[in-house]
Amino acid sequence: MTNVVTRPGHGTEQALLDAAERLLVDVGAAGITTRRVAEEAGANHGLVHYYFGSVEQLLVRVLERFTERVIERQRELYAADTPFLDKWRTAMSYLEEDRPYQKIWFELQGLAWNRPELQERLARVHGEWRAVLAEAFAPVSKQLGLELPVEALVTLVYTFNEGIILDRLSGIETGHKELLDWIDGWLERRTS
């Protein structure tokens, strides 16, 4: 049996991240203070600044940590030896399943609009997602009969997903099912 050694304070740091993740989903970035995160985590409020420097840096780290988990899942999905259509359907099912992640992603995009120090870190998250999509679509774009460069296809799929996510976060679902059904049928015709 291997003993895992964690550095001192690791449990507190993780508790702060977990608390901030829950609060981002429940109350949004505007409702989060150092004291509120610390109280939710059962920790001293000074530890937020000790471990992360600021509440904003803590929130970005929440997004990065959450993204690591979700991207690992996506890479496993796209690497699986299954038909592309099955992968697409699974990925689209995550539009519903991943609502907490989506809310955190959009909350932090809004937070970073006026904070250049956060924009760089969010741009890295954006780049990770684009890389996952490029890996997924590069092998099948010709099979789908698309004359669109992979980078343009990635932009199309990425912005399509963000549009649906933004609508849903705003309580708008009109036309989504119909659009997803149409894309599914188009893909089925192209891949069978």
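Accessible areas here come from the Shrake-Rupley method with a 1.4 Å probe, and for residues only the protein chains shown count as cover. With that in mind, show the surface of the whole protein: about 10800 Å² is exposed, and carbon and sulfur atoms supply 54% of that area.

A word on the model before going on. It is predicted, so to speak of local features requires pLDDT of at least 70, side-chain atom pairs count only at pLDDT 80 or more, and totals for chains, interfaces and linings use all residues. Residues are numbered from 1 along each chain as its sequence is written, and side-chain values use heavy atoms, with hydrogens and water left out.

Now switch to the cartoon. You will find 9 helices and 0 strands, where helices (H or I, at least four residues) and strands (E, at least two) are DSSP runs numbered from the N terminus. The C-alpha atoms fill a box of roughly 60 × 45 × 25 Å along the principal axes. Of the 192 residues, 43% are buried (under 20% relative accessible area, 1.4 Å probe, protein chains only).

Next, select residues 116–137, helix 7, and residues 150–169, helix 8. Their axes (lines fitted to C-alpha atoms over the stretch in contact, with angles from 0 to 180 degrees between N-to-C directions) come within 9 Å and cross at roughly 115°.

Finally, show side chains where the two helices touch (heavy atoms within 4.5 Å). Helix 7 brings H126, W129, R130, L133, A134 and F137, while helix 8 offers V150, E151, L153, V154, T155, V157 and Y158.

Technical notes: Buried means under 20% relative accessible area, exposed over 50%, partly exposed in between (1.4 Å probe, protein chains only).
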